[in-house]
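Biologist: I should like to learn how to read a protein model. May we take it one feature at a time?

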Amino acid sequence: MEITVLHFSWAYEDESFAGGPHTINGEECECGAKHKPTKALVEGIAAAADCPDPPVEILVAPNKLLPWIKGAVQSQEDGEAAYAKAQADGSWQVGNVISSLERQQARIEQHEESIKQDSLEGRLSDDDYARAQFALKQTQQVAAMMDDGLSFDEAAAKWHDDLRAEQEARARAGE
Ligand SMILES: [Zn+2]
């Protein structure tokens, strides 16, 4: 399961996630931790992602986790069928990428506008602003790869590989 944390950090029970992307599959995440996709965590993420101003977005979820996600956010049979169909044909993932792009852009615009207007409405902390820019860049890159014909899974995997390569190059350069 791939998620993006939209706040500076987000915690579920005793597990804490820094802002930015995380891979929850029991293997090493780009943040260095190993997040186990337990039922409680998956349900916690699904519920958090379903809030009006969600701290977390689910970018991709494997089919085997869908019953937990659906259980946490939906109970109507129609909704479940629509959700399962959207997941099966990939439109759910594409839709999530687009809505994530729009949400990040809106947060950044609102923040920049608040500075122009000298108002505190929509003002982000420096860290949240940096996170929003990072999440926007990530989503734009994934969206561009999907435009080039990659599936969401392929694009997300490539994005993580690129990020890791960039981090390793930076570590080698001694930054
Ligand atoms: Zn992580």
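Biologist: Which residues are exposed on the other side of α2, away from its buried ones?

Modeller: This is a predicted model, in which local features need pLDDT of at least 70, side-chain atom pairs count only at pLDDT 80 or more, and totals for chains, interfaces and linings use all residues. Residues are numbered from 1 along each chain as its sequence is written, and side-chain values use heavy atoms, without hydrogens or water. An α-helix has 3.6 residues a turn, so residues three or four places apart point the same way. In α2, P67 and G71 are exposed (over 50% relative accessible area, 1.4 Å probe, protein chains only).

Biologist: Which residues of α2 are buried?

Modeller: In this helix (a DSSP run of H or I, at least four residues), which covers residues 66-73, L66, I69 and K70 are buried (under 20%). Seen down the axis of α2, these buried residues fall within an arc of 95° (taken from the axis to the C-beta atoms), so they line one face of the helix.

Biologist: Which residues hold the protein donors of the zinc ion?

Modeller: The donors (N, O and S atoms within 2.8 Å of the metal) are H22 (ND1), C29 (SG), C31 (SG) and H35 (NE2), lying 2.1 to 2.3 Å from the zinc ion. Their spacing in sequence is H-x6-C-x1-C-x3-H.

Biologist: What arrangement do the four donor atoms make?

Modeller: Ideal angles for four tetrahedral donors are 109.5 degrees. Here the angles are 103 to 114°, which makes the arrangement tetrahedral (all angles between 85 and 135 degrees).

Biologist: Is H22 buried or exposed?

Modeller: H22 is buried, at 2% relative accessible area, whereas C31, at 42%, is partly exposed (between the two cut-offs).

How values were computed
Helix = DSSP H or I, 4+ residues; strand = E, 2+ residues; numbered from the N terminus. Donors = N, O, S within 2.8 Å, 3.2 Å for Na, K, Ca; no water. Tetrahedral: all angles 85-135°; square planar, octahedral: opposite > 155°, others 65-115°.
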